[in-house]
Amino acid sequence: MLGRTALIINVAAWGTLSAAQEIAVPSGHLVTVLDTRIVTGAQGETLHLRVLMPQIDRQGDAVSYDEVAGDFAALCDGLGIPVIDKAGVDPDAITVTLLSAEAPFGQTTPGITKFSESFGVEAGRCIWEAL
């Protein structure tokens, strides 16, 4: 990862969630946080919140992006903001990524569906930004 540094934040350690806890999101699905990390790059600091949602797997009856679009802001406000508050960090952005299966961070993973949205942070709230 040339030019980037990462600080991995254990969400459970900050008291936000217990390990492998399922979370209900507005779409009605259950998700599990895979990991969170602060990455510093050319655009500043970004909190990456990666969430497992097997229902988006393109095999079979997959859930579409439109069906889960409202989940991104809920996860950003409900998990991302508390994580940065408890960690005492002030990132320039929060990126929420839904994954159909576990995958290494920052690597291309054929066969795994990923949906992502990026948010700015203003006054303790997530503000959607076009990717």
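This note goes through one predicted model, point by point, from its disulfide to its salt bridges and its nonpolar core.

1. Basis of the note. In this predicted model, local features need pLDDT of at least 70 and side-chain atom pairs count only at pLDDT 80 or more, while totals for chains, interfaces and linings use all residues. Residues are numbered from 1 along each chain as its sequence is written, and side-chain values use heavy atoms, with hydrogens and water left out.

2. The disulfide. A disulfide is a covalent bond between the sulfur atoms of two cysteines, and here it is taken as a pair of cysteine sulfur atoms within 2.5 Å. A search of the whole structure finds one, formed by Cys 76 and Cys 126 with their sulfur atoms 2.0 Å apart. The link of Cys 76 and Cys 126 is left-handed, with -80 degrees about the S-S bond. Because Cys 76 lies in helix H1 (residues 65-87) and Cys 126 in strand S7 (residues 125-129), the pair ties together parts that are 50 residues apart in sequence. Helices (H or I, at least four residues) and strands (E, at least two) are DSSP runs, numbered from the N terminus. Cys 76 and Cys 126 are both buried, where buried means under 20% relative accessible area, exposed means over 50%, and partly exposed is in between (1.4 Å probe, protein chains only).

3. Helix H1. Cys 76 is also the centre of a kink of about 35 degrees in H1; the bend at a residue is the angle between axes fitted to the seven residues ending there and the seven starting there. The buried residues of H1 include Val 68, Phe 72, Leu 75, Cys 76 and Leu 79. Just after H1, Gly 88 takes a positive phi of about 70 degrees.

4. Salt bridges. Side chains of opposite charge can pair when their charged atoms come close, and a salt bridge is counted when a side-chain nitrogen of Lys or Arg is within 4 Å of a carboxyl oxygen of Asp or Glu. The count comes to three. Asp 35 pairs with Arg 37, the closest N and O atoms being 3.2 Å apart, and Arg 50 pairs with Asp 35 at 2.9 Å. The second of these pairs links distant parts of the chain, with Arg 50 in strand S4 and Asp 35 in strand S3 (residues 30-41), 15 residues apart. Asp 35, Arg 37 and Arg 50 are thus linked in a network of salt bridges; Asp 35 and Arg 37 are buried, and Arg 50 is buried as well.

5. A salt bridge between H1 and S7. The side chains of Arg 125 and Asp 77 meet at 3.3 Å, N to O. Arg 125 lies in strand S7 and Asp 77 in helix H1, so the pair ties together parts that are 48 residues apart in sequence. Arg 125 is partly exposed, with a relative accessible area of 49%, and Asp 77 is partly exposed at 23%.

6. His 48. His 48 lies in strand S4 (residues 44-52) and counts as buried because its relative accessibility is 16%. Leaving aside neighbours within four places in sequence, His 48 is in contact (heavy atoms within 4.5 Å) with residues including Asp 35, Arg 37 and Phe 105.

7. The nonpolar core. A nonpolar core is a set of buried Ala, Val, Leu, Ile, Met, Phe, Trp, Tyr and Cys residues joined through side-chain atoms within 4.5 Å. The largest has 25 residues, of which Leu 75, Ile 94, Val 96 and Leu 98 touch the most other members. The largest share of this core, eight residues, comes from H1.
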